[in-house]
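Welcome, and please open the model in your viewer with the sequence panel showing. We will go from one selection to the next, with a short note at each stop.

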Amino acid sequence: MTNSPPLLLHVCCAPCLATARASAAGHGPDAFAANVGIFFYNPNIHPLMEFRRREKALRVYLERYPLPAEIVSEYGLQTFLERMLSQGKPPASRRDRCAECYRLRLGKTAETARFRGFAAFSTTLLASREQDRDLLAEIGRETAAKSGLAFIDADWRKILPDAATLRGIYKQPYCGCLFSEEERYRDSGKHLYKGSKPLQPPGNTR
Ligand code: SF4
């Protein structure tokens with residue numbers, strides 16, 4: 001990105017970027033067009049094919065609605081696992097796990113923002129009602145204090161994009177890591193083959 005706009009926005013996925021963009025614009029002109037550069041860095045998305053689907057979704061969105069963008073295409077499983085296992089085992093609670101995940105992604109975003117000459121950073125995770133907004137704000141401020149940049153704690157959830165904006169764009173069914181994939185499906189009756197019965201838990205032979 002050359003002639004950087006003021007805000008480097010970490011992007012978790014195309015649907016959240018579209019929501020943040022609609023919320024920033026309100027009913028006026030596109031507030032992102034001149035003010036935002038985006039940064040896709042998500043070593044938390046697994047497995048590989050899911051990561052590629054989400055990256056591709058973002059690229060399709062940006063073809064329709066261009067913004068200056070830096071997309072880290074490298075699959076980050078190793079980076080994510082090293083961070084999660086830095087204490088020898090994964091964090092005990094979901095909150096602690098997500099805190100480390102936010103630190104990893106916002107830390108890299110702030111580092112990149114400084115390097116590229118941005119004055120501030122934020123994240124489209126703040127556009128999702130599935131994320132812990134208070135925890136994100138806390139870690140955003142913590143990261144800002146270390147980097148010397150401003151963290152923009154905007155409420156990006158105010159306005160959903162219209163249906164046409166995201167037509168044909170992949171929308172993910174779980175947050176990203178394999179822990180979240182298990183949390184999404186472990187109590188689900190969803191099964192692999194249409195028309196077949198859900199799998200029974202072990203020990204239930206009926
Ligand atoms: S649930 Fe989402 S935010 Fe939390 S660790 Fe997994 S990918 Fe990261």
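Start by selecting residues 14-25, helix α1, together with residues 48-64, helix α2: their axes come within 8 Å and cross at roughly 40°. Axes here are lines fitted to C-alpha atoms, for helices over the stretch in contact, and angles run from 0 to 180 degrees between N-to-C directions. That crossing makes α1 oblique to α2, given that angles under 35 degrees count as roughly parallel, over 145 as roughly antiparallel, 65 to 115 as roughly perpendicular and the rest as oblique. Helices (H or I, at least four residues) and strands (E, at least two) are DSSP runs, numbered from the N terminus.

Now show side chains where the two helices meet: A14, L17 and A18 on α1, and A57, L58 and Y61 on α2. Two residues are in contact if their C-beta atoms, placed from the backbone, lie within 7 Å. By class, this contact has six nonpolar, no polar and no charged residues. In this scheme Ala, Val, Leu, Ile, Met, Phe, Trp, Tyr, Cys and Pro count as nonpolar, Asp, Glu, Lys and Arg as charged, and the others, Gly among them, as polar.

A word on what you are viewing: this is a predicted model, where local features need pLDDT of at least 70, side-chain atom pairs count only at pLDDT 80 or more, and totals for chains, interfaces and linings use all residues. Residues are numbered from 1 along each chain as its sequence is written.

**The whole chain**

Zoom out and colour by secondary structure to find six helices and five strands. From start to end, they follow the pattern β-α-β-α-β-α-α-β-α-β-α. Of the 206 residues in the chain, 33% are buried. A residue is buried if 20 or more other C-beta atoms lie within 10 Å of its own, exposed if 12 or fewer, and partly exposed in between, with C-beta atoms placed from the backbone. Among contacts between residues at least 6 apart in sequence, 78% join residues at least 24 apart.

**The core**

Which residues have the most contacts inside the largest nonpolar core? Select V11, L17 and F121, in a core of 44 residues. Such a core is a set of buried Ala, Val, Leu, Ile, Met, Phe, Trp, Tyr and Cys residues joined through C-beta atoms within 7 Å. The elements that give two or more residues to this core are β1 (7-11), α1, β2, α2, α4 (94-116) and α5 (133-147). Centre on V11 next: leaving aside neighbours within four places in sequence, V11 is in contact with L17, I38, F39, F40, L58 and T124.

**A cis bond and what surrounds it**

Go to P47, in the loop between β2 (36-40) and α2. Most peptide bonds are trans. The bond that joins H46 and P47, however, is cis, with omega about -10°.

Step into α2 and select F51, which counts as buried with 20 C-beta neighbours inside 10 Å. Beyond four places in sequence, F51 is in contact with I45, H46 and Y75. Then pick G76, in the loop between β3 (69-71) and α3 (77-84). G76 and I45 are 31 residues apart in sequence, yet 7.6 Å apart in space, C-alpha to C-alpha.

**The ligand**

Finish by selecting the residues around the ligand: N44, R97, C98, C101, C175, G176, C177, F179 and S180 (each with its C-beta atom, placed from the backbone, within 6 Å of it). Both α4 and α6 (178-185) give two or more residues to this shell, and α4 supplies the largest share, three residues. The shell divides into five nonpolar, three polar and one charged.

One last click is Y174, in the loop between β5 (150-151) and α6. Is Y174 buried or partly exposed? Y174 is partly exposed, with 17 other C-beta atoms within 10 Å. Leaving aside neighbours within four places in sequence, Y174 is in contact with S180, E181 and R184.
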